[in-house]
Amino acid sequence: MQFNPSSPWFRYFFFDWLFKDASHIEGFQKAAALRYNVRQRHYLLLYFKRWIGLTVGTYLIGATLEYLQWPAMCAVFYAMTITAVCTLLRLSVAYVLLGRSP
């Protein structure tokens, strides 16, 4: 499977494509990119809901597999849960920091 950032699956789960990189430009372009990113902030809530659903789903599957005593498979789903929690933390930080920008 090849990595394609313009695929619908990538855009459904990852939000990096919504924002402009303001770290390598100067002056008015940087201010315009920051304003654009602040305007795009409200879309993060949608991604937050998606990742919460994914987190809960993978945790419940892991717990079910643990109950069925399939430790290798439950470890896979628990690892996916931890990855989803890290993504939720990243989303939260981005949302808060974009809300505090001038």
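These legends describe close-up views of a predicted model.

**View 1. Helix 3 packs against helix 4.**
Helix 3 covers residues 43–67, and helix 4 covers residues 71–100. Two packed helices are described by the angle between their axes and the distance between the axes. For helix 3 and helix 4, the angle is about 160° and the axes are 8 Å apart. An angle over 145 degrees counts as roughly antiparallel, so helix 3 and helix 4 are roughly antiparallel to each other. Their crossing is left-handed. Sorted by class, the residues in the contact of helix 3 with helix 4 are 22 nonpolar, six polar and one charged.

**View 2. The largest nonpolar core has eleven residues.**
Phenylalanine appears in this core as Phe13, Phe15 and Phe19. Leucine appears as Leu18, Leu44, Leu88, Leu91 and Leu98. Tyr47, Trp51 and Ala84 are also members of the core. Helix 3 and helix 4 each supply at least two of the core residues. Helix 4 gives the largest share, which is four residues.

**View 3. Asn37 and Leu98 are in contact.**
Asn37 is part of helix 2, which covers residues 27–39. Is Asn37 buried or exposed? Its relative accessibility is 7%, and the limit for buried is under 20%, so Asn37 counts as buried. Leaving out residues up to four places away in sequence, Asn37 touches Phe19, Lys20 and Leu98. Leu98 belongs to the largest nonpolar core. With neighbours within four places in sequence again set aside, Leu98 is in contact with Phe19, Asn37, Val38, Arg41 and Leu44. Among these contacts of Leu98, Phe19 also touches Asn37.

**View 4. Val56 and Lys49 are two residues of helix 3.**
Val56 has a relative accessible area of 45%. Partly exposed is the term for values between the 20% and 50% limits, so Val56 is partly exposed. The C-alpha atoms of Val56 and Ala84 are separated by 9.2 Å, and these two residues are 28 residues apart along the chain. Ala84 is one of the residues of the largest nonpolar core. Lys49 also lies in helix 3. At 63% relative accessibility, Lys49 counts as exposed, because the limit for exposed is over 50%. Lys49 and Ile61 are twelve residues apart along the chain, and their C-alpha atoms are separated by 18 Å.

**View 5. Gln69 sits in the loop between helix 3 and helix 4.**
What is the phi angle of Gln69? Phi is near 60°, a positive value in a residue other than glycine. Gln69 has a relative accessible area of 66%. This value is over 50%, so Gln69 is exposed.

Conventions: Residues are numbered from 1 along each chain as its sequence is written. This is a predicted model: local features need pLDDT of at least 70, side-chain atom pairs count only at pLDDT 80 or more; totals for chains, interfaces and linings use all residues. Side-chain values use heavy atoms; hydrogens and water are left out. Buried means under 20% relative accessible area, exposed over 50%, partly exposed in between (1.4 Å probe, protein chains only). Contact means heavy atoms within 4.5 Å. Axes are lines fitted to C-alpha atoms, for helices over the stretch in contact, and angles run from 0 to 180 degrees between N-to-C directions. Angles under 35 degrees count as roughly parallel, over 145 as roughly antiparallel, 65 to 115 as roughly perpendicular and the rest as oblique. A crossing is left-handed if the near helix is turned anticlockwise from the far one by less than a right angle, and right-handed if clockwise. Ala, Val, Leu, Ile, Met, Phe, Trp, Tyr, Cys and Pro count as nonpolar, Asp, Glu, Lys and Arg as charged, and the others, Gly among them, as polar. A nonpolar core is a set of buried Ala, Val, Leu, Ile, Met, Phe, Trp, Tyr and Cys residues joined through side-chain atoms within 4.5 Å.
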